[in-house]
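Welcome! Here is a short tour of one protein chain, with an eye on strand pairing and charged side chains. Have the viewer open as you read.

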Amino acid sequence: MARVLLTARVSGDAADRLGTEHSLVHRAEDSPMPRADLLAAVEGVDALVAMLVDRIDAELLDAAGPQLRVVANVAVGYDNIDVAACRQRGVVVTNTPGVLTDATADLAIALTLMTTRALGSAERRVRTGEPWRWSMTANLGTGLRGKRFGVIGPGAIGLATAQRALAFGTEILLAGRSTPDAGAVEALGATVVDLDELLATADVVSVHCPLTPATRHLVGADQLRAMKPTAHLVNTARGPIVDEAALVAALEAGEIAGAGLDVFEDEPRVHPGLLGRDDVVLLPHIGSATVETRAAMADLAADNVLAVLAGQDPVTPVRG
């Protein structure tokens, strides 16, 4: 019977399934596992079910020992894992693509509506008891019909977001390092452009690319300056893709109209220059936070662990 470490509480019956077939060490807490505790707990385990806040690097792999066979990340992104170090040690890395596409795309559209319609500041006005009356000119936002919706990173989540944006009457622009599926482009009536053109012409810029060394600060001061002063930035991917200090400066200078952020450069810390702004909507990294999605993510991670420990191929291996 193999030993499996699950670093946090998960939804659904994934923990029960793992515990039925193997010896499970389950930290049934919602908060991230302290680093020192993680390094101690991982010693001697055969499988690790990790959260996106768990850093899986050479230090942890050395602490685990040579019997570690699989690291199952309960996330689609795996920027928290040193994949090369895992490969050098023969450790399989898996993630949870597909099952969180709809939930994250839904949230990207929610953030788009919140920032373009200034819903966050309007809601705060009511909640704080500030006097208000209906007025033809109060709380004016901007509509989406006829606007250009730009997707940086037209993978599964980016394309699902574009499909939703299309229903609001937008024109879809796609930019990324890889060529998007031709059928999806045709179905969306989308135009594939380079990043510079997307930034210069889109009314909403929605970020969906993975975090890699090449995409860190992909949206920085120059890119924000290239956007329309009426444009809005939405990020549901990873925080460090956007240079937060540059974003604050761009908002202060009126170089863009607003932003909707679900992820941050140094989570859970948020740049203080963002906190008091009415032109920014801030959410605590909840793109996949539906009951159904989080359970499906945990189940897929469990499927991967059970397959590898049974000597089978993983369901969703990380190949990058």
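## A parallel pair at the start

Strand S1, covering residues 3-6, pairs with strand S2, covering residues 23-26, in the parallel sense, and the pairing runs over 4 bridges. Within this pairing, Leu-5 has Val-25 of S2 as its bridge partner. Please keep in mind that this is a predicted model.

Helix H1 (residues 14-21) joins the picture here: together with S1 and S2 it makes a β-α-β unit, and the unit is right-handed.

## Salt bridges across the model

How many salt bridges does a search of the whole structure find? The search finds 18. As general background, side chains of opposite charge can pair when their charged atoms come close.

One of the salt bridges joins Arg-89 and Asp-62, whose closest N and O atoms are 2.9 Å apart. This pair links distant parts of the chain, with the two positions 27 residues apart in numbering. Arg-89 sits in the loop between helix H4 (83-88) and strand S5 (92-94), while Asp-62 belongs to helix H3 (residues 58-64). Are these two residues buried or exposed? Arg-89 is partly exposed because its relative accessibility is 34%, whereas Asp-62 counts as exposed because its relative accessible area is 54%, and the cut-off for exposed is over 50%.

## Arg-225 and its two partners

Now turn to helix H10 (residues 221-226), where both Asp-222 and Arg-225 lie. They are 3 residues apart, about one turn of the helix, and their side chains meet in a salt bridge with an N to O distance of 3.0 Å. Asp-222 is exposed, since its relative accessibility is 56%. Arg-225, with a relative accessible area of 48%, is partly exposed.

The side chain of Arg-225 also meets that of Glu-255 in a salt bridge, at 3.7 Å from N to O. This pair, too, links distant parts of the chain: Arg-225 is in helix H10, and Glu-255, 30 residues apart from it, is in the loop between helix H11 (244-252) and strand S11 (258-261). Glu-255 is partly exposed because its relative accessibility, 23%, falls between the buried limit of under 20% and the exposed limit of over 50%.

## A charged network

One more group is worth finding in your viewer. Which residues are linked in a network of salt bridges? The network consists of Arg-35, Arg-55, Asp-57 and Glu-59.

Technical notes:
Residues are numbered from 1 along each chain as its sequence is written. This is a predicted model: local features need pLDDT of at least 70, side-chain atom pairs count only at pLDDT 80 or more; totals for chains, interfaces and linings use all residues. Side-chain values use heavy atoms; hydrogens and water are left out. Two strands pair if DSSP finds at least two bridges between them. A crossover is right-handed if, with the strands pointing away from the viewer, the path from the first strand over the helix to the second runs clockwise. A salt bridge is a side-chain nitrogen of Lys or Arg within 4 Å of a carboxyl oxygen of Asp or Glu. Buried means under 20% relative accessible area, exposed over 50%, partly exposed in between (1.4 Å probe, protein chains only).
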